[in-house]
Amino acid sequence: LVARFKTDTPVNMSTAGKVIKCKAAVMWEANKPFSLEEVEVAPPKEHEVRIKIVATGICRSDDHVITGAMAMPFPIILGHEAAGVVESVGEGVTSVKPGDKVIPLFVPQCGECSSCLNTKGNLCCKNDFGSATGLMSDGTTRFTCKGKAIHHFVGTSTFTEYTVVHESAVAKIDSAAPLEKVCLIGCGFSTGYGAAVQTAKLKPGSTCAIFGLGGVGLSVVMGCKAAGASRIIAVDINKDKFAKAKELGATDCVNPKDFKKPIHEVLIEMTGHGVDYSFEVIGRTETMTAALACCQYNYGVSVIVGVPPAAQSITFDPMLLFTGRTWKGSVFGGWKSKDSVPKLVADYMKKKFVLDPLITHTLPLTKINEGFDLLRTGK
């Protein structure tokens, strides 16, 4: 579900203020394998932090960039779900210091924009989704390779031994936390778990359906269970995912391939009136509309968690919403990143949730292409 890879060279604090040469997986162009290169990582500028990445997860969103489903500039260093140690900080940085264990945040928290100031908001205006410049806030990059500037990915770029992020995009965490596990709190776990407990605010005794049982979908299952759902229906066309879904709290597992009728009709029949909450955790327009249609026609809530493909539109019957359903999106599980990530790590340390079942493989950075093959084959 999530492969991770570790770098084992210790942090060298004497590199502060200097360019660091290190290994990184560079994506030179779309639909090509990663190329393991030596890159130069510039020192952090004002309000920036340079991090030694210790562990990083492989997420479907990275693959969306490779296939062109998510538009980003090339060449680029992908990766956004990670944990590491601060190597050095730029002028004016106060929230972290060299030696701190940290998690980079692909959704930053500047604390000043309308989303950061609103209690309901979490998508800080400093994010690099919409415009997708692939650059730091000063319009330049901190990576070069073979004399060429390499773009950043959503302000994090973690498929490298060292990266540079803005101070608003890094959270200091418990120094005792195992980085090779809590890296998942940087995206997959928090995104799925939060979609249930934070975005949907799922009520105890509710019924729910989860479309897609990758690392994020299984984290939604955990969130539904933690919130006290009475019935958790896991939906996937890969039946090999069902055992783990049940282990984490799913009460029913459904394969759409086993039915001749549309999956939303199957779910309505199973529950009598549709589920109270549904979650689309794949990023396909057909499953987004199916998830909406399967929730109760009047008070059902459907949450889009999977990244929608670029340049695609959804066509749906507006009566699905007119009757009262709520259709919501959820980015990073609705968490305010800088505030919430340290608390989620603390909850993990208190054993309030598990992360081990989400980790299926551990690979070195040199095997990143094999890691993506495992992702694409559902392993």
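Against which elements do the buried residues of α1 pack? This tour of a predicted model begins with that helix and then proceeds to the domains, a loop and a pair of helices.

**Stop 1: helix α1**

Select residues 60-67, which form helix α1. This helix is mostly covered, with six of its eight residues buried. Colour S61, D62, D63, H64, V65 and I66 to display the buried residues of α1. To answer the opening question, add residues 48-57 and 368-376 to the selection: the buried residues of α1 pack against β4 (48-57) and α11 (368-376). Next, move to G68, just after α1, where the backbone takes a positive phi of about 90 degrees.

**Stop 2: the two domains**

Zoom out and colour the protein by its domain assignment. Domain 1 is given as 2-189 + 334-377, and domain 2 as 200-329. The C-alpha centres of domain 1 and domain 2 lie 29 Å apart. Their contact takes 12 residues from domain 1 and 13 residues from domain 2.

**Stop 3: P256**

Select P256, located in the loop between β13 (252-254) and α7. Is P256 buried or exposed? The category lies between the two: P256 is partly exposed, because its relative accessible area is 25% and values from 20% to 50% fall in that class. Now display its surroundings. With neighbours within four places in sequence left aside, P256 is in contact with V235, D236, I237 and I263. For a distance check, select G223 as well: P256 and G223 are 33 residues apart in sequence, and their C-alpha atoms are 23 Å apart in space.

**Stop 4: helices α7 and α8**

From P256, continue to I263, one of its contacts. Select residues 263-271 for helix α7 and residues 285-294 for helix α8. How are these two helices packed, and at what angle? Their axes are 8 Å apart and form an angle of about 25 degrees. Angles under 35 degrees count as roughly parallel, and α7 and α8 are therefore roughly parallel to each other. Viewed as a crossing, α7 passes α8 in a right-handed manner.

Finally, show the side chains at this contact. On α7, select I263, H264, L267 and I268; on α8, select A290, A293 and C294. By class, the contact of α7 with α8 comprises six nonpolar residues, one polar residue and no charged residues. I263 thus appears at two stops, as it is in contact with P256 and also takes part in the contact between α7 and α8.

Definitions and conventions:
Residues numbered from 1 in each chain as written. Predicted model: local features only at pLDDT ≥ 70, side-chain atom pairs only at ≥ 80, totals over all residues. Heavy atoms only, no water. Axes fitted to C-alpha atoms, helices over the stretch in contact; angles between N-to-C directions. Helix = DSSP H or I, 4+ residues; strand = E, 2+ residues; numbered from the N terminus. Parallel < 35°, antiparallel > 145°, perpendicular 65-115°, else oblique. Left-handed = near helix turned anticlockwise from the far one by under 90°. Contact = heavy atoms within 4.5 Å. Nonpolar A, V, L, I, M, F, W, Y, C, P; charged D, E, K, R; others polar. Buried < 20%, exposed > 50% of the residue type's maximum accessible area, 1.4 Å probe, protein only. Domains from an automatic or database assignment.
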